[in-house]
Amino acid sequence: MTTTHTDTRTPVLGRRPVPVLLIEDNPADIRLTPEASSACGLTRLKVITDGDTALAYLRHQPPYQNAPRPGIVLLDLNLPRVDGTAIKTDPDLHTIPVIILTTSSAPEDIELAYREHANCYLIKPLGFTALANTIELDTATLPPTREDQR
């Protein structure tokens, strides 16, 4: 299942609208995260619920040949068949920042995420406002995208 959420406000992340890919399989988080993202200005959010589909999307495989390249991937830690390594070891994808967004605060999960090349590890707080504050990325500087180089 994939869904797209948009908003009419222009997000500011390095002063440009940034497509964000959320890879999440928990129905409650699928409802809450796009709302929290929109509240903090991340309005170009694509939600994909399984790892195989996410990798097809990122690699522009059918039916995602025309999908925008995400500026950021928000990845649930406990999602089967995809981790930071699958993205970070792909020469066409490795520059996309991968942010783990999970409920786990276990030290072994944090260590594993960074070992698998995550760029950041965020623990999902309880509540809408706390989640919006956690994923607010206005101060992040991202690498240029192919679209920026045109």
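A nonpolar core is a set of buried Ala, Val, Leu, Ile, Met, Phe, Trp, Tyr and Cys residues joined through side-chain atoms within 4.5 Å. The legends below use the term in this sense, and the model they describe is predicted.

**Figure 1. The whole chain, with 5 helices and 6 strands.** Along the sequence these elements follow the pattern β-β-α-β-α-β-α-β-α-β-α. Of the 150 residues in the chain, 48% are buried. The chain exposes about 7,800 Å², with carbon and sulfur atoms supplying 52% of that area. When contacts are counted between residues at least 6 apart in sequence, 69% of them join residues at least 24 apart.

**Figure 2. Confidence along the chain.** The mean pLDDT is 76, and 63% of the residues reach 70 or more. Confidence is lowest in strand S1 (residues 2-5), where the mean is 49, and highest in helix H2 (residues 51-58), where it is 92. The pLDDT is below 50 over residues 4-15, a stretch that has 32 contacts in the model beyond near neighbours in sequence.

**Figure 3. The largest nonpolar core, made up of 22 residues.** Leu21, Ile23, Leu58, Val73, Leu75, Ile87 and Ile100 have the most contacts inside this core. Two or more residues come from each of strand S2 (19-23), H2, strand S4 (72-75) and strand S5 (98-102). H2 gives the most, with 5 residues. In soluble globular proteins, nonpolar side chains tend to be buried together.

**Figure 4. Surroundings of Leu21 and a second core.** Neighbours within four places in sequence are left aside in this view of Leu21. The remaining contacts of Leu21 are with Lys46, Ile48, Tyr57, Leu58, Pro70, Ile72, Val73 and Leu74. A second core of 11 residues is separate from the largest one, and its members include Val20, Leu45, Val47 and Ile72. Ile72 is thus listed both in the second core and among the contacts of Leu21.

**Figure 5. Helix H2, a mostly covered element.** In H2, 7 of 8 residues are buried. These are Gly51, Thr53, Ala54, Leu55, Ala56, Tyr57 and Leu58. Leu58 is also one of the residues with the most contacts inside the largest core. At the start of the helix, a side-chain oxygen of Asp50 comes to within 3.2 Å of the backbone nitrogen of Asp52. Just after H2, His60 takes a positive phi of about 55°.

**Figure 6. The aromatic pair of Tyr57 and Tyr64.** The structure holds 1 aromatic pair. The rings of Tyr57 and Tyr64 are arranged edge-to-face, at 5.4 Å centre to centre and with 65° between the planes. The angle is counted as edge-to-face because it is over 60 degrees. Tyr57 and Tyr64 are both buried. Tyr57 belongs to H2 and is in contact with Leu21.

**Figure 7. Arg69 and its polar partners.** Arg69 lies in the loop between H2 and S4. With a relative accessibility of 11%, Arg69 counts as buried, because the cut-off for that class is under 20%. The side chain of Arg69 reaches the backbone oxygen of Asp92 at 2.7 Å. It also makes a polar contact with the side chain of Thr95, at 3.1 Å. Arg69 and Tyr57 are 12 residues apart along the chain, and their C-alpha atoms are separated by 8.7 Å.

**Figure 8. Backbone features of the loop between H2 and S4.** Pro63 is found in this loop, and a cis peptide bond with omega of about 5° joins Pro62 and Pro63. His60 is found in the loop between H2 and S4 as well. Although His60 is not a glycine, its phi is positive, at about 55°. His60 counts as partly exposed, with a relative accessibility of 26%.

**Figure 9. His117, a non-glycine residue with positive phi.** The phi of His117 is about 80°. His117 is found in the loop between helix H4 (107-115) and strand S6 (120-123). The relative accessible area of His117 is 41%, and the residue is partly exposed.

Note on methods. Residues are numbered from 1 along each chain as its sequence is written. Side-chain values use heavy atoms; hydrogens and water are left out. pLDDT is the predictor's confidence in each residue, from 0 to 100. Helices (H or I, at least four residues) and strands (E, at least two) are DSSP runs, numbered from the N terminus. Contact means heavy atoms within 4.5 Å. Buried means under 20% relative accessible area, exposed over 50%, partly exposed in between (1.4 Å probe, protein chains only). Accessible areas come from the Shrake-Rupley method with a 1.4 Å probe; for residues, only the protein chains shown count as cover. Rings of Phe, Tyr and Trp (its six-membered ring) pair if their centres lie within 6.5 Å; planes under 30 degrees apart count as stacked, over 60 as edge-to-face and the rest as tilted. A polar contact is a pair of N or O atoms within 3.5 Å; within protein, one must be able to donate a hydrogen and the other to accept it, and residues adjacent in sequence count only if both atoms are side-chain atoms.
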